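Grab a coffee and work through a few short exercises on the model below. Try each one yourself before you read the solution.

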Amino acid sequence: MADWITGRVKARKTWSDNLFSLVVDAEVAPFTAGQFTKLALHTEDKKVARAYSYVNAPGQDPEFYLITIPKGQLTPHLAGLKVGDELLVQRTAAGFLTLDEVPAGRDLWLMATGTGVGPFVSILADGRCWQQFENIVLVHGVRFADELGYRRRIADLTEGRTRFQYLPFVSREDADGAQAGRITHAIADGSLEQATGLGFSPEHSRVMLCGNPQMVRDTITELKNKGLQKHLRRKPGQILMENYW
């Protein structure tokens, strides 16, 4: 049985018309940066639950980055929550998109689309990544510039980290400080490697992917063309992934 506890909205932030974050006051169990839990509400006739990654570092107030799905069963209700409102939180976390699962390497690539950047913000906030890798690159793809949530926090978390690079991609409009187009295209034509000064190689590159399933599939295809393979415990590789809506 799932271990559900009652939480209360402590703070919320609106990023765009359909993107928002919730900070929740809830006594969750210890988790590893990159993991997810579930949020739930009782709607008209049933409890509806969905999985969401922690954005915060372990030990901080639970925080979640969400997108409103207009006809969704849960997110429109979560979007309507105000400070002080209650919701259910699964106490224990799950998931394997964590640094513990990443084989040793020199360069860590964190590639996300949309709200998939959440677990990577948690990993940066946790801080262990700085001891584990020489170079860290965060690549975040969105449609419009106002969907680049957590950009300011990422800058604060990485201030003074000369071996860190943040490359936002905006596909449907021109945006200052962002690359145009899609992440997969930049991998395919070599422009991502050129922009960072880091090449993809099985020896040095470790890639964590989090985004919609099509992005994950397409990115894996392009990375395989660069010689990288999915990581399995029985067969070590370079690519770890999590589908995320």
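**Exercise 1.** Leaving aside its neighbours within four places in sequence, which residues is H140 in contact with?

*Solution.* Keep in mind that this is a predicted model. Start by placing the residue: H140 sits in strand β8, which covers residues 135-142. Next, drop the neighbours within four places in sequence and list what remains: A112, T113, G114, V117, E147, L148, G149, Y166, L167, P168, F169 and I183. Last, check the accessibility: H140 has 0% relative accessibility, so it counts as buried.

**Exercise 2.** Work out what lines the largest pocket.

*Solution.* Begin with the volume, which is about 680 Å³. Then look at the lining, made up of 27 residues, with T113, G114, G141, R143 and N212 lying nearest the pocket's centre. Now go by element: β8, α5 (183-188) and α7 (213-225) each give two or more residues to this lining. The largest share is that of α7, with four residues. Finally, sort the lining by class, and you get nine nonpolar, 13 polar and five charged residues.

**Exercise 3.** How many disulfides does the structure hold, and why is C210 not bonded to C129?

*Solution.* The count is zero. For C129, the nearest cysteine sulfur is that of C210, 16 Å away. A disulfide needs the two sulfur atoms within 2.5 Å, so the 16 Å between the sulfurs of C210 and C129 is too far for a bond. As for accessibility, C129 is buried at 0% relative accessible area, and C210 also counts as buried, at 0%.

Notes: Residues are numbered from 1 along each chain as its sequence is written. This is a predicted model: local features need pLDDT of at least 70, side-chain atom pairs count only at pLDDT 80 or more; totals for chains, interfaces and linings use all residues. Side-chain values use heavy atoms; hydrogens and water are left out. Buried means under 20% relative accessible area, exposed over 50%, partly exposed in between (1.4 Å probe, protein chains only). Contact means heavy atoms within 4.5 Å. On a 1 Å grid over the protein atoms alone, a cavity is a set of points where a 1.4 Å probe fits but cannot get out, and a pocket is an open set with protein on both sides within 12 Å along at least five of seven lines; lining residues have an atom within 4 Å of a point. Grid points are joined across faces, edges and corners, and a volume is the space filled by probe spheres set on the points. Ala, Val, Leu, Ile, Met, Phe, Trp, Tyr, Cys and Pro count as nonpolar, Asp, Glu, Lys and Arg as charged, and the others, Gly among them, as polar.
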